[in-house]
Amino acid sequence: MTGGPPAPVPFGDGLYRRLHGFLLRVRGAGVSVGVGSERAFLDGLREVGLLDRAAVREVARVTLAKSPRDVTDVDRAFDEYWADPEGAGEPTLAERTLLQRPPTGRGTSGAPAGRPDTARSEPPSPDRELRAGRYSPEAPSAAHLLVPAGDRELRSALAGARRFRRAMATRPGRRFRPSPRGAVDPRTTARRSVRSGGEWVRLFRRRPVAGRADLVVLWDVSGSMREHLSRLFALVYALKRVNRSTRVFAFGTSIAEVTGAIASRPYRRAVRAVEPLLDPRGGGTQIAQCLAAFRRNWGAELRPTTSVVIVSDGWEFEGGRRLAAEMAALWSRCHRVVWVNPYAADPSFSPATEGLVEARPWIDLLTSPVDFPRPRGGGRAPARPRPA
Amino acid sequence: MSRSTPDWAASVDALAGALARARYIADRPLATAVFLAVRLEKPLLVEGEPGCGKTEVAKAVAQASGAELVRLQCYEGLDAASAIYEWDYPRQLLAIRLHERAETPAQLETEIYTEKYLLRRPLLRALDGSAGARPVLLIDEVDRADEEFEGFLLEILSEYQVTIPEMGPVRAKQPPVVILTSNRTRELSDALKRRCLYAYVGYPTPEKEVAILRERVPGLPDVLAREVVAFVQALRGTDDLAKRPGVAETLDWAAALLALEERSLRPETVRDTLGLLLKDARDLEAWRGERLEGLLARP
């Protein structure tokens, strides 16, 4: 054993103010940094010191990030802030070290390799603009404008999501809870009888706790969905709100997870958090490609209990055949595939887009956002087994 | 922290060296994360790709520190009785029958709710660690457990104590080094994540993977090790695999090739042993044909 912990590194007022500014920058980047994490960050800096820029970055990652996405956000905030931190005054030696620009040759060794969602809220690069233009030159991407839905609409979406949870996204669990109408629980009954000298005064009953199945929402935010986005986001938010394990992915020509922006936020704050993330996904829809990317990056996380909700109008850039193959692959890996089409509320609706027609055999429930999850467009799909 | 610092965790470099002696090659970010977890006495949540060494971190830390490894494997339906403690009901009933004439009900109740009748499960055992090195508590694949179970963990992770209603709180004599792993099959609760430090373990770089092979598969020819890593990395780089091979698969495959006394990769051997790398029937089917030849033919 050594002689105890190292002497704590004292933070002067100026440095503390700058560190606090960095934490504010990290929060501004969308990372939820609580007081506990803030304290852990400062404690960590006291442990590793301030003279090694890479070590300070690692401490920030370890203590402030809580997901792979956060790691990237913390890195970006670190580079931005310590390249040009707020606050004036002559920097100290420690500050000068932190204020160096990052060495260009050094990789971010701790960042998860091959992260699928690196596109999120990065400044648009020329490559990305070209890529978006390639898919829809006549309708270049523009930022989406999410208008918060009214209270009534949100309540309706929440009610629909709860109905959906009851109908599809629940399953009997292995755990039990006391219930006056359940089966007799012999163990509790015997244990409680001890209190009355071994007399069986009362029979205790129990029933299984219904578990909430996993839910994955794939939300089409391409240009053709622009006018429906606000209303559909109310539904997407409701699905996340009523089922905490729900994961939400936004797609158009690429796919990225946006769960973090929705989770644990009130509706209006979630709208503000999600809106900037939708920017790069306008102009064209490649549902099949996005489903393939989803399967590749997150497919291993799908379980037989997972229900997948696809919120899309079914416009597919690449034709329907590949989409059908991807839908079949998706369908075979999950519990249910539900398709929410914004046009399905129309009484005369029937699947007409090539994508939706081809995908139809692998959709367990086709419904509209208005009376979700009531079946529309020809009622329920035939029960399994599916066509070969 | 008020506790004295063990030599193996005196600095990030010392800790990385100790892990290397335990045959775990940790890069700097992960070593920093473990260092902070030990020094700040906070749990460490390790997420990442399957088969990339998340569980091994805890084993290596236990080996490096010479401490006991207490492992809790999470699964759906895991409850407090299996993870924390349970009363030994048969022994309690027996004690009641033996003493019911001699003692009053109140005395009996005091008697049967004591440590003597407590069955300690992994979490309580980790808190009970006696003098010596801090035990290492591995809560493996916490994402497989129900969300409700995370609630049980909160008190343990923040206070290092368990409250047993009949006995009161049981506080750790010395806080264990807690490492939680998750494959991200679901999002963990904010409350749990807030209590933890965080590290992400991705696929290793080719150089690191070669070093891991050298460490974990002694006797593997250097040329073969490089070919194996190049092949696996190329396979991971393809975009249509249902399940990409992790480091664990690379190690298994290299050990198999060594057992087959191969000196370098040959198409026939690769085809015959591809099942050790690809664990999905469709992947195997897709890669046993010409695509495999093409990948092997790459310079």
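**Figure 1. Positive surface patch on chain A of the predicted model.** Four arginines, A:R162, A:R163, A:R166 and A:R241, form a positive patch on the surface. Helix α7 of chain A, residues 151-167, supplies the largest share of this patch, with three residues. A:R166 is found in helix α7. With a relative accessible area of 58%, A:R166 is classed as exposed, because a residue counts as exposed over 50%.

**Figure 2. Nonpolar surface patch around A:L203.** The patch is formed by A:V184, A:W200 and A:L203. Together these side chains belong to residues with about 310 Å² of accessible area. A:L203 sits in a loop of chain A, between helix α8 (186-193) and strand β2 (205-212). The relative accessible area of A:L203 is 47%, so this residue is partly exposed.

**Figure 3. Surroundings of A:W219 in strand β3.** Strand β3 of chain A spans residues 215-220 and contains A:W219. A:W219 counts as buried because its relative accessibility is 0%. Leaving aside residues up to four places away in sequence, A:W219 touches A:L146, A:L229, A:L232, A:F233, A:V236, A:F249, A:A250, A:F251, A:V274, A:L278 and A:V311. A:I255 lies 36 residues from A:W219 along the chain. The C-alpha atoms of A:W219 and A:I255 are separated by 9.2 Å.

**Figure 4. Contacts of A:S67 with chain B.** A:S67 is placed in the loop between α3 (53-64) and α4 (68-83) of chain A. Apart from residues up to four places away in sequence, A:S67 touches B:E47, B:R184 and B:Y198. A:S67 has a relative accessible area of 9% and is therefore buried.

**Figure 5. Salt-bridge network in chain A.** The network links A:R53, A:R57, A:E58, A:R61, A:D75 and A:D79 through salt bridges. Side chains of opposite charge can pair when their charged atoms come close. Over all chains, the count comes to 43 salt bridges.

**Figure 6. Salt bridge between B:E209 and B:R236.** The closest N and O atoms of B:E209 and B:R236 are 2.7 Å apart. This pair links distant parts of the chain, with the two positions 27 residues apart in sequence numbering. B:E209 belongs to helix α10 (residues 206-216) of chain B, and B:R236 to helix α11 (residues 222-237) of chain B. B:E209 is buried at 1% relative accessibility. B:R236 is also buried, with a relative accessible area of 6%. Both values fall under 20%, so both residues meet the limit for buried.

**Figure 7. Two further salt bridges in chain B, B:R144 with B:E141 and B:E249 with B:K243.** The side chains of B:R144 and B:E141 meet with an N to O distance of 2.6 Å. B:R144 counts as partly exposed, at 40% relative accessibility. In the pair of B:E249 and B:K243, the N to O distance is 3.8 Å. B:E249 is buried, its relative accessibility being 8%. B:K243, in contrast, is partly exposed, with a relative accessible area of 27%.

**Figure 8. Surroundings of B:V201 in strand β9.** B:V201 lies in strand β9 of chain B, which covers residues 197-201. Its relative accessible area is 8%, so B:V201 is buried. Not counting residues up to four places away in sequence, B:V201 touches B:L30, B:V46, B:E47, B:G48, B:E49, B:C52 and B:K54. One of these contacts, B:C52, is 149 residues from B:V201 in sequence. The C-alpha atoms of B:V201 and B:C52 are 6.7 Å apart. B:E47, another residue touched by B:V201, is also touched by A:S67.

**Figure 9. Chain B as context for the close-up views.** The secondary structure of chain B consists of 15 helices and nine strands. Chain B has 299 residues, of which 54% are buried. Among contacts in chain B with a separation of 6 or more, 74% join residues 24 or more positions apart. The accessible surface of chain B is about 13,000 Å². Carbon and sulfur atoms account for 51% of that surface.

Technical notes. Residues numbered from 1 in each chain as written. Chains lettered and ligands numbered in written order. Predicted model: local features only at pLDDT ≥ 70, side-chain atom pairs only at ≥ 80, totals over all residues. Heavy atoms only, no water. Patch = residues over 30% accessible without salt bridge, like charges linked within 9 Å, V, L, I, M, F, W, Y side chains within 5 Å. Areas by Shrake-Rupley, 256 points an atom, 1.4 Å probe, with all protein chains shown as cover. Lys, Arg positive; Asp, Glu negative; His and termini not counted. Charge placed at Lys NZ, Arg CZ, Asp CG, Glu CD. Helix = DSSP H or I, 4+ residues; strand = E, 2+ residues; numbered from the N terminus. Buried < 20%, exposed > 50% of the residue type's maximum accessible area, 1.4 Å probe, protein only. Contact = heavy atoms within 4.5 Å.
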